[in-house]
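Colleague: I've just opened this one and I'm not sure where to look. Could you walk me through how to read it?

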Amino acid sequence: MKFFVTCARGTEGALRRELVVQRIHAPRGAAGGVSFEGTLEDGIKVCLWSRVAMRVLLEVGRFPASDGRTLYAGTRAADLSRFLDSKTTLAVTATTHESPELHHSGFAALKVKDAVVDALRDRLGHRPNVDVKNPDVCLVLHLRGSDARLFVDLAGEPLHRRGYRVAMGEAPLKESLAAAVLALGGVRAEQPFVDPMTGTGTLAIEHALASRNIAPGLRRAFGFERWADKGHLPVFARLKQAAQEARLPKAPCSILARDVSTTAIQSARRNARAAGVAEDILFEVADVATPVSRNPAGTICINPPYGERLPGPAPEPPLDQLYATIAHTLDLMRGWSAVILCGNPLLARILQRKHEISHRLWNGPLEARLLVYRL
Ligand SMILES: C[S@@+](CC[C@H](N)C(=O)[O-])C[C@H]1O[C@@H](n2cnc3c(N)ncnc32)[C@H](O)[C@@H]1O
């Protein structure tokens with residue numbers, strides 16, 4: 001079976017390494033994702049264990065499609081009996097690139113939906129229902145030129161929705177991006193970890209989950225549980241059981257999460273509780289200028305305000321002042337590593353340090369930089 005696993009742009013390397021650790025054979029990188037060939041069990045394992053992936057797509061058809069007619073015919077020939085029957089609902093999404101007659105992704109999705117519904121009506125004498133909000137089966141079309149690839153999304157809801165984000169905050173990171181920042185930054189479980197601008201707690205929570213070897217998909221449901229054919233569910237139950245047994249009872253080292261905002265700390269604490277890692281994280285309301293215990297050395301991981309996304313009046317204090325405070329805090333942490341995700345180049349200029357890593361990645365449509373320093 002052929003899989004394409006999607007992730008945020010710039011995080012493909014972290015995803016590929018994760019798949020290798022999961023013993024997925026020969027994952028190959030591409031822009032925005034990684035492909036591999038394997039079994040359905042491999043795909044389910046990636047859903048359960050990948051911290052960086054967004055979607056796990058199983059290829060169910062590949063055919064030439066230069067217009068609506070050929071797209072309809074190609075889709076109709078795909079065998080989807082394993083996924084869909086008269087009781088399952090479906091939704092279709094499409095992306096199109098350089099396809100002059102099919103440049104409208106909504107139209108392409110409609111053609112795919114029509115073909116699937118017609119094929120099913122012929123096979124079962126019954127039309128399946130479309131449910132765009134909460135479908136049992138999510139079909140995804142990728143069209144590049146006249147090369148059409150049709151996929152079934154194994155996870156359904158994107159994988160970054162682990163199910164623990166019960167409280168929101170200002171500009172929270174996607175869980176999968178936070179996990180990629182930790183992986184690309186080389187953050188280690190057996191060293192102290194400090195997130196002094198924690199917001200909703202995503203970095204600290206993802207670090208706690210990884211430190212305790214808790215599979216990120218353990219607390220959520222997956223699309224493949226709702227397919228017509230449920231023959232793979234015993235395999236899923238076995239993988240889940242093994243994941244439950246692999247959890248460590250507590251994080252091996254201290255994790256400190258701070259924020260100047262009391263509301264943010266309340267949200268972070270609620271989210272950590274929902275993730276089952278509240279006991280592993282010490283939460284404090286504190287300014288980033290407040291010193292932390294420096295021994296033993298560990299990692300300080302910061303996702304400061306960018307100054308762009310937030311509507312309303314200019315930030316108080318001004319960003320250059322806030323970034324100067326961060327620079328001063330880092331000056332006090334000799335021997336530590338600093339992993340910083342920031343979308344504003346002003347921060348690197350104010351830090352005036354030689355970075356060990358400077359890596360470009362995308363936080364949704366926003367380009368950001370992951371900077372790693374040895375202090
Ligand atoms: C971009 S948000 C962090 C988002 C976080 N990574 C998440 O996933 O929710 C930046 C955070 O820095 C906090 N902050 C701003 N100024 C601060 C300061 N002087 N000291 C500590 N935290 C501060 C804000 O309250 C906000 O929660």
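Colleague: Let's begin with the ligand. How many residues surround it, and which are the closest?

Modeller: Keep in mind that this is a predicted model. To read a binding site, list what lines it. Here 20 residues surround the ligand, and the closest are Thr200, Thr202, Asp259, Val288 and Asn303. By kind, that shell splits into eleven nonpolar, six polar and three charged residues.

Colleague: Which polar atoms of threonine 200 and leucine 173 lie by the ligand, those of the side chain or those of the backbone?

Modeller: For that, look at pairs of polar atoms. Threonine 200 uses its side chain: a polar atom there lies 2.6 Å from an oxygen atom of the ligand. Leucine 173 uses its backbone instead, with a polar atom 2.9 Å from a ligand oxygen. Valine 260 also brings a polar backbone atom, 3.3 Å from a nitrogen atom of the ligand. As for cover, the ligand taken alone exposes 600 Å², and the protein buries 92% of that.

Colleague: Now the domains. What does the assignment give for the chain?

Modeller: Check the bounds, then the contact. The assignment gives domain 1 (2-153) and domain 2 (175-214 + 226-374). Their centres, taken over C-alpha atoms, are 32 Å apart. The contact between them takes 27 residues from domain 1 and 27 residues from domain 2.

Colleague: And how do I read a core? Where does the largest nonpolar one lie?

Modeller: The general idea is that in soluble globular proteins, nonpolar side chains tend to be buried together. In this model the largest nonpolar core has 90 residues, and those with the most contacts inside it include Leu48, Phe83, Leu154 and Ile281. Domain 1 and domain 2 both give residues to this core, so it lies between them. Apart from it lies another core, of 23 residues, among them Leu256, Val288, Met333 and Leu371.

Colleague: Which residues does isoleucine 281 touch?

Modeller: Leaving out residues up to four places away in sequence, isoleucine 281 touches Ala204, Ile205, Ala208, Ile255, Ala257 and Ala272.

Note on methods
Residues are numbered from 1 along each chain as its sequence is written. This is a predicted model: local features need pLDDT of at least 70, side-chain atom pairs count only at pLDDT 80 or more; totals for chains, interfaces and linings use all residues. Side-chain values use heavy atoms; hydrogens and water are left out. A nonpolar core is a set of buried Ala, Val, Leu, Ile, Met, Phe, Trp, Tyr and Cys residues joined through side-chain atoms within 4.5 Å. Buried means under 20% relative accessible area, exposed over 50%, partly exposed in between (1.4 Å probe, protein chains only). Domain bounds come from an automatic or database domain assignment. Contact means heavy atoms within 4.5 Å. A residue is near a molecule or strand if one of its heavy atoms lies within 4 Å of it. A polar contact is a pair of N or O atoms within 3.5 Å; within protein, one must be able to donate a hydrogen and the other to accept it, and residues adjacent in sequence count only if both atoms are side-chain atoms. Accessible areas come from the Shrake-Rupley method with a 1.4 Å probe; for residues, only the protein chains shown count as cover. Ala, Val, Leu, Ile, Met, Phe, Trp, Tyr, Cys and Pro count as nonpolar, Asp, Glu, Lys and Arg as charged, and the others, Gly among them, as polar.
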